[in-house]
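Student: I should like to learn how to read a structural model feature by feature. Where might we begin?

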Amino acid sequence: PGLEPRGAVRVEFDTPIGPLRVVGAHLGLVASYRHRQIQHIAREVAELPDMPTVWAGDFNDWSRQPVLDRLIPHMSFLPPRPSFPSPSPLGSLDRIALGRGLRALDHGVHAARPAHVASDHLPVWADIAAQG
């Protein structure tokens, strides 16, 4: 929803830690549209069978406040790391959030070449495990 519609994709995997749902999102530039987009994705995912879920992508949120955390409290955002712009990252626009049953062993931003020329954003990554 919004003036600048964006997209999200959902993939479900069989992994060594069990079934895993991954939602990749690219949210809008305007905060009110981003909030509506997040809420829309959350409603769609809530209608699916329950399974550990990861959200990742370009959330386009420059705020240093935990706005995203408040919008989807059932997800836990990993501490942000600067990923934009790729030549000299300042903004933590690209984020990863974990649903219940998951924990991050480590996470970061992939800055090795040629990542900085492949996109204006550096890729973010997380090693995850089932919460024991």
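Tutor: Let us begin with solvent exposure, bearing in mind that this is a predicted model. A residue counts as exposed over 50% relative accessibility. Gln 131 counts as exposed because its relative accessibility is 52%.

Student: Where is Gln 131 found, and which residues does Gln 131 touch beyond those up to four places away in sequence?

Tutor: Gln 131 is found in the segment that follows strand 7 (124–130). Setting aside residues up to four places away in sequence, Gln 131 touches Gly 101, Leu 102 and Arg 103. The C-alpha atoms of Gln 131 and Leu 102 are 4.9 Å apart, although 29 residues separate the two in sequence.

Student: How should I read a helix, and which residues of helix 1 are buried?

Tutor: In an α-helix, residues three or four places apart point the same way, because there are 3.6 residues a turn. In helix 1, the buried residues are Tyr 33, Arg 34, Gln 37, Ile 38, Ile 41, Ala 42 and Val 45. Their cover includes strand 1 (7–15), strand 2, strand 3 (53–58) and helix 2 (67–71).

Student: How many residues has the largest nonpolar core?

Tutor: The largest nonpolar core has 14 residues; Ile 38, Ile 41 and Ile 72 are among those with the most contacts inside it. Strand 2 (18–26) and helix 1 (31–46) each supply at least two residues of this core, and helix 1 gives the most, with 4 residues. Leaving aside neighbours within four places in sequence, Ile 72 is in contact with Ile 38, Ala 42, Trp 55 and Phe 77. Another core, of 6 residues, lies apart from the largest one and includes Leu 102.

Notes: Residues are numbered from 1 along each chain as its sequence is written. This is a predicted model: local features need pLDDT of at least 70, side-chain atom pairs count only at pLDDT 80 or more; totals for chains, interfaces and linings use all residues. Side-chain values use heavy atoms; hydrogens and water are left out. Buried means under 20% relative accessible area, exposed over 50%, partly exposed in between (1.4 Å probe, protein chains only). Contact means heavy atoms within 4.5 Å. A nonpolar core is a set of buried Ala, Val, Leu, Ile, Met, Phe, Trp, Tyr and Cys residues joined through side-chain atoms within 4.5 Å.
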